[in-house]
Amino acid sequence: MKGLQLATAGERLSVLCLGAHSDDIEIGAGGTLLSLMDQGIRLDVHWCVLSGGSEREREAKASAADFLAAGATHRIETLEFRDGFFPEQGVQIKNWFEALKDRVRPDVILTHRQEDAHQDHRKVAHLTWNTFRDHLILEYEIPKWDGDMGRPNFYVPISAAAIQRKIDLLISHFGTQRSKQWFDAETFRGLARLRGMECRAPDGYAEAFVARKLALA
């Protein structure tokens, strides 16, 4: 299958990353971001985490800075919407999205999958599409106990080294999440191996997304 490129080495690519919680972006798209930078693409990243506070906010900022260390520029933005109650805070979150639209002009948006079982994830996905009407939006996946994994249609092959770095960063930065039964290296590597098999990735690993609307220039 012929692969498509978002950019080539030396080119700049503006990426908006949206996550409901402090580890979402890293789990869903961390390998993709590392791979783009490994290819020599100069990333300008606006990284937004919509919930947090105290320790989880510190984790989010430190992790994002490490994941984006090789990028061209980055801005990390953390907010304090109440975890687990995004649908009930819809007006406030919608207002924030509308203000964000006036501040960023991304080439690509990475956000949650619309069918995700977590209510906060679904609200972020819905408002992403509701707010950004002329953008390439890729919806990432988050493994969890709900068993809500979908059928993706957009794959990014990831090198073995990038997958290992993604896992190492996740485990080292998110001490608050290590007690969760699903939050471990085997989960992250297993999902990447499955998606790598589905797209016949050279190193056997990939991250997968839902791309609902694409334009081929």
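**Cysteines, cavities and the sheet**

To begin with the cysteines, the structure holds 0 disulfides. Cys 17, for one, takes part in no disulfide, and the cysteine sulfur nearest to its own, that of Cys 48, lies 8.4 Å away. I should say at this early point that what we are looking at is a predicted model, and that the values I quote are computed from it.

Why is Cys 199 not bonded to Cys 17? The closest cysteine sulfur to that of Cys 199 is the one in Cys 17, and because the separation is 20 Å, it is too far for a bond; the cut-off applied to a pair of sulfur atoms is 2.5 Å. The surroundings of these two residues can be described as well: Cys 17 is buried, with a relative accessible area of 0%, whereas Cys 199 is partly exposed, at 25%.

Let me turn from the cysteines to the sheet. Cys 17 falls within the range of strand E1, which runs over residues 12-19, and E1 belongs to an open sheet of 7 strands, whose order is E3-E2-E1-E4-E5-E7-E6 and whose pairing is mixed. At the edges of this sheet stand E3 and strand E6 (154-158), each of which pairs on one side only. If direction is ignored, neighbouring strands here are turned against each other by 25 degrees on average. As for a particular pair, E1 and strand E4, the latter covering residues 108-112, run in the parallel sense and are joined over 3 bridges; within this pair, Val 15 has Val 108 in E4 as its bridge partner.

Next come the enclosed spaces. How many cavities of 30 Å³ or more does a search of the whole structure find? The search finds 2, and the largest of them holds about 90 Å³ of space. Its lining is made up of 13 residues, of which Ile 27, Lys 166, Leu 191, Ala 192 and Glu 207 are the closest to the centre. Helix H1 (24-38), helix H6 (185-199) and strand E7 (205-210) are the elements that give two or more residues to this lining, and H6 gives the most, with 5 residues. By character, the lining of the largest cavity divides into 7 nonpolar, 2 polar and 4 charged residues.

The second largest cavity holds about 30 Å³ of space. Among the residues that line it are Arg 113, Glu 139, Tyr 140, Glu 141 and Arg 151, together with Ala 208, Phe 209 and Val 210. Strand E5 (136-140) and E7 each supply at least two residues of this lining, with E7 giving the most, namely 3 residues. Here the division is into 5 nonpolar, 1 polar and 4 charged residues. Strand E7 therefore deserves a second look on screen, since it contributes to the lining of the largest cavity and to that of the second largest one, and in the sheet order it stands between E5 and E6.

Finally, a word on a loop residue. Is Ala 69 buried or exposed? Ala 69 lies in the loop between helix H2 (54-67) and strand E3 (73-81), and at 58% relative accessibility it counts as exposed. Its C-alpha atom is separated by 25 Å from that of Leu 191, a residue 122 positions apart from it along the chain, and Leu 191 is one of the residues already named as closest to the centre of the largest cavity.

Methods
Residues are numbered from 1 along each chain as its sequence is written. This is a predicted model: local features need pLDDT of at least 70, side-chain atom pairs count only at pLDDT 80 or more; totals for chains, interfaces and linings use all residues. Side-chain values use heavy atoms; hydrogens and water are left out. Buried means under 20% relative accessible area, exposed over 50%, partly exposed in between (1.4 Å probe, protein chains only). Helices (H or I, at least four residues) and strands (E, at least two) are DSSP runs, numbered from the N terminus. On a 1 Å grid over the protein atoms alone, a cavity is a set of points where a 1.4 Å probe fits but cannot get out, and a pocket is an open set with protein on both sides within 12 Å along at least five of seven lines; lining residues have an atom within 4 Å of a point. Grid points are joined across faces, edges and corners, and a volume is the space filled by probe spheres set on the points. Ala, Val, Leu, Ile, Met, Phe, Trp, Tyr, Cys and Pro count as nonpolar, Asp, Glu, Lys and Arg as charged, and the others, Gly among them, as polar. Two strands pair if DSSP finds at least two bridges between them. Axes are lines fitted to C-alpha atoms, for helices over the stretch in contact, and angles run from 0 to 180 degrees between N-to-C directions.
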